[in-house]
Amino acid sequence: METSQSARSLTVRAVIIGALGSVVISSSSIYVALRLGALPWPTIFVAIVSMAVLRGLGNTSNAEINVAHTTMSAGAMVAGGFAFTVPAIWILNASAEPRIAALLGITVAGTLAGLVMTWLLRPHFIRDGGPPYPIGQAAYDTVVAGDEGGKRARTLFGSLALSAGFTALRDLVPRFPVVLSSRRLAARNFDLSLWLSPLAAGIGFVIGPLYTLTWLGAAVVAYHLMVPIGIGLGWFADAGVAGAFRSTLGIGLLLGAGTGSALRSLIVRSKSAASANDESGESESVAARGALGIQLGSWSWWLPTAAALALVALITLTDLRLASSLTAMAGIVLVTYISAQLTGETGVNPMELLGILVMLVVRIWAPEATLELVTVAAVVAVATGLTGDVMNDFRAGYRFGTQPSHQIVGESVGGLIGAVVTVFVFVALLRSFGGVGTAELPAPQAGAVAALVGGVQNTGALWSGVGVGLAAALFGLPALTIGLG
C-alpha cells in the first residue's frame with residue numbers, strides 16, 4: 001500500500017474534478033439505465049479519466065486519483081438505484097405528475113443512508129479481507145499500469161482496446177450477434193444461450209473459479225434443470241409459472257443468504273473479540289465493537305446525524321408513513337450488507353431486487369399503497385447501489401493507502417450531486433419521451449418492481465429460498481452467489 005501518498009489524496013482539485021465528473025456520469029447513467037435496461041458501472045472509466053486529468057495537471061498521486069474517481073462514480077450509483085425502481089410509478093400510472101421534492105427525498109435519503117452504511121461496512125469488507133471486488137481490483141491495476149508503463153501497461157491497455165473494439169462491433173453492426181442461442185432447444189423449454197460479453201469474461205477471470213462456477217452452476221440448475229423438468233413433470237403449468245417460481249426462489253435465497261452471512265460474520269467476530277478480550281483484559285464494550293467490525297473513531301458524530309437526516313427527508317418530502325420509513329431504514333442495514341457481499345463476489349449488484357425485498361415487507365400493512373411501496377423500493381435501491389458498488393473504489397483505495405475518511409468525503413460530494421442531477425435529468429427525459437416503459441425508455445428493472453407491487457406469486461418458493469439460503473450461509477457456502485445465479 002502506498003500510505004505515503006495518502007496525505008495528498010483529499011485535494012480541492014480532486015474534489016472539483018470528481019464533482020464535475022459526477023454531473024456528467026450521473027446524467028449519462030440515468031439515460032443509459034432507462035434506455036438499455038442495464039448500467040455497466042463506470043468505475044474503471046472514471047479511474048482512467050481521473051488519472052488522465054490529474055497527471056496532466058502534474059504533481060499528483062494514486063491516492064489523489066482514487067479520491068477523484070470515488071467522487072465521480074458515486075453519482076452513477078445513485079442514478080442506477082433510481083432508474084431501476086422509480087419509473088415503476090409511471091409504468092403503473094402513466095399520467096402521474098412528477099413531484100421534484102418527493103423525488104429528491106428518495107435520492108437524498110438513499111444517498112445519506114448509503115454513506116452511513118459504507119462507513120460502517122468498509123472495515124469488514126475492505127480492511128479485514130472480504131471478497132475480491134473484481135471491478136475495484138481492475139481499477140487499481142489500471143491506475144498502477146498507467147503509472148508504471150512497460151509490458152504491464154501494454155497488456156492492460158491492449159486488452160482494453162480489444163474489448164472496446166469487440167463490444168463496439170457487437171453493438172453497432174446489425175447482423176453481429178449479441179447472444180448465441182438455439183431456437184430448437186428453446187422450443188423444448190431449454191433456454192441455452194451464450195452472451196458475447198468481454199465484461200462478463202473479465203469479471204470471471206478476476207473473481208476466480210469458486211464464485212464463477214457457483215454462479216454458473218446455480219443458473220444451469222435453475223434454467224436448464226428445474227424449469228424444463230418441472231414443466232415436463234407437470235409441476236408448473238407453463239414457462240411463465242416456472243419462471244415466476246424460479247425468480248421468487250432466487251429472491252428468497254438472496255434474503256436468507258444475506259441474513260445468514262451477516263449472522264455468521266457476527267458470530268465469528270464475537271468469538272474473535274471474546275478471545276482477544278480474554279487475552280488482553282480489554283473491556284466488554286471494546287470487544288462488542290470488534291464483534292460488529294465497526295470502529296467509528298473521530299467520525300462517529302456524523303453517522304447518527306446523516307441517518308436522522310435521511311429519515312427526516314423520507315417523512316417530510318415523500319409519501320412514506322413513519323412505519324414505512326423506519327422499515328426502509330432498517331431494511332437498508334441488511335440489504336446493503338447483501339449488496340456489498342454480492343458486488344464483491346460477482347461484480348453484480350441486484351439493487352432493484354434488494355429494494356423489492358424490503359418493499360414486500362412494507363406491503364404487509366400497506367398492500368394497496370402503490371406509491372408508498374415503490375418509494376420504499378427506490379430509497380433502498382439507491383442506498384444499496386451506492387454502498388455496494390462504491391466498495392470497489394474503497395478496495396482500490398485500500399491498495400493505494402488512501403485515507404478512508406478522504407474517500408467518504410469524495411463519496412458524499414459525488415453522491416449528493418448525483419442525487420440532485422439524477423432527479424432533474426429524469427424529469428427532463430420523462431417529459432421529452434412522453435413516459436417510461438416505452439420502446440424509447442423501456443426501464444425493464446422498474447417493470448419488475450411494478451409487477452411485484454401486487455406481491456409475489458409463490459410465497460412457498462420465497463420462504464423455501466429463505467430457509468435454504470439461511471442454512472447454506474451459516475455453513476459458509478457461497479449462498480448469495482447461488483441465489484443470484
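In this predicted model, serine 339 has its place in helix α14, which spans residues 322–346. Serine 339 is buried, because its relative accessible area is 0% and buried means under 20%. Some of the company kept by this residue comes from beyond its immediate stretch of sequence: leaving aside neighbours within four places, serine 339 is in contact with Asn349, Leu354, Thr384 and Gly388.

Helix α14 also holds glutamate 345. With a relative accessible area of 5%, glutamate 345 is buried. Its side chain is joined to that of glutamine 341 by a polar contact of 2.7 Å.

Charged pairs come next. Side chains of opposite charge can pair when their charged atoms come close. A search of the whole structure finds four salt bridges, and three of these can be followed one by one. One of them brings together the side chains of glutamate 97 and arginine 431, with a distance of 3.7 Å from N to O. Glutamate 97 lies in the loop between α4 (88–92) and α5 (100–127), while arginine 431 belongs to helix α17 (residues 404–433), so this pair ties together parts that are 334 residues apart in sequence. Glutamate 97 and arginine 431 are both exposed.

Another salt bridge links aspartate 319 with arginine 99, and here the closest N and O atoms are 2.8 Å apart. Aspartate 319 sits in the loop between α13 (302–317) and α14, and arginine 99 in the loop between α4 and α5, so parts that are 220 residues apart in sequence are tied together by the pair. Aspartate 319 counts as partly exposed because its relative accessibility is 36%, a value that falls between the limits of 20% for buried and 50% for exposed. Arginine 99, at 42% relative accessibility, likewise counts as partly exposed.

A further salt bridge is formed by arginine 321 and glutamate 372, whose closest N and O atoms are 2.8 Å apart. This pair links distant parts of the chain, with arginine 321 in the loop between α13 and α14 and glutamate 372 in helix α16 (residues 370–400), 51 residues apart. How exposed or buried is each partner? Arginine 321 is partly exposed, with a relative accessible area of 44%, whereas glutamate 372 is buried, with a relative accessible area of 5%.

Aromatic rings offer another way to trace links through the model. Across the whole structure, the search finds five aromatic pairs. One of them consists of phenylalanine 82 and phenylalanine 426, arranged edge-to-face with 5.1 Å from centre to centre and 75 degrees between the planes. Because phenylalanine 82 lies in helix α3 (residues 62–83) and phenylalanine 426 in helix α17, the pair ties together parts that are 344 residues apart in sequence. Both of these phenylalanines, 82 and 426, are buried. Which residues make up the aromatic cluster that includes Phe426? The cluster is formed by Phe82, Trp90 and Phe426.

Finally, there are places where a charge meets a ring. The charged end of arginine 122 sits over the ring of tryptophan 119, at 5.9 Å from the centre of that ring. In another such arrangement, arginine 399 lies over the face of tyrosine 140, and the distance to the ring centre is 4.1 Å.

Methods. Residues numbered from 1 in each chain as written. Predicted model: local features only at pLDDT ≥ 70, side-chain atom pairs only at ≥ 80, totals over all residues. Heavy atoms only, no water. Helix = DSSP H or I, 4+ residues; strand = E, 2+ residues; numbered from the N terminus. Buried < 20%, exposed > 50% of the residue type's maximum accessible area, 1.4 Å probe, protein only. Contact = heavy atoms within 4.5 Å. Polar contact = N/O pair within 3.5 Å; in protein donor to acceptor, adjacent residues only side chain to side chain. Phe/Tyr/Trp six-rings, centres within 6.5 Å; stacked < 30°, edge-to-face > 60°. Lys NZ or Arg CZ within 6 Å of the ring centre and 35° of its normal.
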